[in-house]
Amino acid sequence: MLFTRVSDIMGKLAILSLAVISLAAFIGERLVALRHLSLSSRELTQNYLPNCHMIEGIEYGAEDITILDDGLAFLSTGLKYPGLPSYSDDPGKIYSLNLLDSDLKIKALNIKGQFDKGSFNPHGISVYADVKDGAIYLFVVNHPQGKSQVEIFRFVEDENALQYIRTIRHELLHNVNDIVAVGTESFYATNDHYFTNEILKVMEPLLSLSWCDIVYYSPQTVQVVAGGFPSANGINISPDKRHLYVSNILKHKISVLEIQKNTVLSHVKEVDVGSLCDNIEVERESGDLWLGCHPNGLKFMLSDPNDPPGSEVIRIENILSEKPQVTRVYSDDGSVIIASSVATPYGGKLLIGTVYQKALICDLK
Ligand SMILES: [Ca+2]
Ligand SMILES: [Ca+2]
């Protein structure tokens with residue numbers, strides 16, 4: 001009787017030990033995977049540009065920026081994103097900045113129409129110029145109360161205003177990070193998470209789930225057009241409108257996709273960037289990609305003011321060729337600018353925006 005009891009206890013202990021060992025091995029394997037995906041041990045080399053100065057009035061981030069052909073930039077500011085700092089309780093705003101003006105003063109765009117400005121939480125932006133009448137449309141990813149929706153505005157240049165047109169909500173647009181407008185009412189959007197529950201969202205990178213996708217939206221069709229991303233961040237289009245570029249941020253790659261006739265995308269290739277790149281801007285004349293990147297994902301997630309995340313700007317030339325050139329144009333350890341998310345060139349200058357901090361403008365060498 002005693003012998004049976006002892007062997008029963010021994011058996012249970014053996015099962016328990018096996019479970020503990022398996023759990024430890026699983027956690028160990030996950031920690032190694034997370035260190036790899038966050039580039040947490042990467043050392044950054046400082047690489048500065050000449051004549052840099054901060055854009056006055058930007059203190060709470062300019063997560064996304066895009067520049068019109070005539071040098072007018074739109075800045076999406078004041079993002080509140082779960083898990084990341086935001087240093088202002090005020091709603092977000094869109095600013096304009098004329099890069100041809102020597103004083104480089106930002107101006108808040110007044111929003112006209114039936115739009116709830118009090119809950120405005122702008123994230124990724126994209127501009128569409130209608131060739132028919134020259135009208136400029138600004139598409140903005142908005143997260144009021146943590147939800148995801150896309151706002152379409154028309155830019156009223158002589159009033160420095162945005163005329164609100166409409167809001168687009170759809171179950172497929174559940175965690176939108178960025179968009180690229182391809183018509184007055186149509187766009188491609190990236191989802192940076194699969195789940196909407198905050199705890200389950202955290203589990204996605206922990207378990208290396210690759211369930212994020214790209215969605216095409218038009219008033220006639222809404223559909224998933226590409227999937228299999230651990231997280232899909234910035235998205236933009238080539239000047240000839242044939243290719244889409246998507247930041248596969250947790251894989252440290254830029255995915256190149258070809259737009260098929262039926263709006264479905266076919267995979268072309270991936271280009272290694274060795275950094276967690278956020279938004280993508282495409283230079284019109286050259287077709288070069290400019291990327292605002294997070295050189296160390298762990299520091300970005302922790303966002304400790306005493307050990308801040310750095311910033312990095314990467315340029316990709318000839319991305320469609322056999323040998324794309326990937327150049328680190330600017331890097332800083334966070335002592336100048338924290339958590340860069342976008343970079344865009346204009347007229348020999350480079351404008352760099354961040355998720356929750358400042359914006360910097362420098363001369364390109
Ligand atoms: Ca964008
Ligand atoms: Ca982004």
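Which residue does the UniProt annotation "active site" cover? The unreviewed entry puts that label on His 123. Keep in mind that this is a predicted model. Below is a quick tour of His 123, the annotated binding site, a four-stranded sheet, the nonpolar core and the domains.

**His 123 and its surroundings**

- His 123 sits in strand S7, which covers residues 122–129.
- His 123 counts as buried because it has 25 C-beta neighbours inside 10 Å, and the cut-off for buried is 20 or more.
- Setting aside residues up to four places away in sequence, His 123 touches Glu 63, Asp 64, Ser 76, Leu 79, Val 141, His 143 and Asn 177.
- Among those contacts of His 123 are Glu 63, Asp 64 and Asn 177, and UniProt's unreviewed entry lists Glu 63, Asp 64 and Asn 177 among its "binding site" positions.

**The annotated binding site**

- UniProt (unreviewed entry) places the feature "binding site" at Glu 63, Asp 64, Ile 125, Asn 177, Asp 178, Asn 233, Asp 278 and Asn 279.
- These positions are spread over 217 residues of sequence, yet they cluster in space, with a largest C-alpha distance of 12.6 Å.
- Asp 64 belongs to strand S2 (residues 62–67), and it is buried, with 32 other C-beta atoms within 10 Å.
- Beyond its neighbours up to four places away in sequence, Asp 64 touches Ser 76, His 123, Gly 124, Ile 125, Asp 178, Asn 279, Ser 341, Val 342 and Gly 353.
- Asn 233 is in strand S15 (residues 232–237), and it counts as buried, with 25 C-beta neighbours inside 10 Å.
- If you leave out residues within four places in sequence, the contacts of Asn 233 are Asn 177, Asp 178, Thr 190, Asp 192, Ser 247, Ile 249 and Asp 278.

**A four-stranded sheet**

- Four strands make an open sheet with antiparallel pairing, in the order S11-S12-S13-S14.
- Strand S11 (176–181) and strand S14 (222–229) are at the edges with a single partner strand each, so one side of each has no neighbour in the sheet.
- From one strand to the next, the twist averages 20°.
- Strand S12 (residues 187–191) and strand S13 (residues 212–217) run antiparallel and are joined by four bridges.
- Thr 190 has Ile 214 in S13 as its bridge partner, and Thr 190 is also one of the contacts of Asn 233.
- Out in edge strand S14 you'll find Gly 228, which counts as partly exposed because it has 13 C-beta neighbours inside 10 Å.
- Gly 228 and Leu 172 are 56 residues apart along the chain, and their C-alpha atoms are separated by 15 Å.

**The nonpolar core**

- The largest nonpolar core has 85 residues, and the members touching the most others are Leu 75, Phe 139, Val 150, Ile 179, Phe 187, Tyr 188 and Leu 291.
- As background, nonpolar side chains tend to be buried together in soluble globular proteins.
- Tyr 188 touches Ile 179, Val 180, Val 182, Ile 214, Tyr 216, Ile 235 and Leu 244, again not counting residues up to four places away in sequence.
- Ile 214 therefore turns up twice: it is a contact of Tyr 188 and the bridge partner of Thr 190.

**Domains**

- The domain assignment splits the chain into domain 1 (1–36) and domain 2 (49–363).
- The C-alpha centres of domain 1 and domain 2 are 46 Å apart.

Definitions and conventions:
Residues are numbered from 1 along each chain as its sequence is written. Chains are lettered from A and ligands numbered from 1 in the order in which they are written. This is a predicted model: local features need pLDDT of at least 70, side-chain atom pairs count only at pLDDT 80 or more; totals for chains, interfaces and linings use all residues. A nonpolar core is a set of buried Ala, Val, Leu, Ile, Met, Phe, Trp, Tyr and Cys residues joined through C-beta atoms within 7 Å. A residue is buried if 20 or more other C-beta atoms lie within 10 Å of its own, exposed if 12 or fewer, and partly exposed in between; C-beta atoms are placed from the backbone. Two residues are in contact if their C-beta atoms, placed from the backbone, lie within 7 Å. UniProt positions are given in the numbering used here, feature names are shortened, and annotations may be inferred rather than shown by experiment. Helices (H or I, at least four residues) and strands (E, at least two) are DSSP runs, numbered from the N terminus. Two strands pair if DSSP finds at least two bridges between them. Axes are lines fitted to C-alpha atoms, for helices over the stretch in contact, and angles run from 0 to 180 degrees between N-to-C directions. Domain bounds come from an automatic or database domain assignment.
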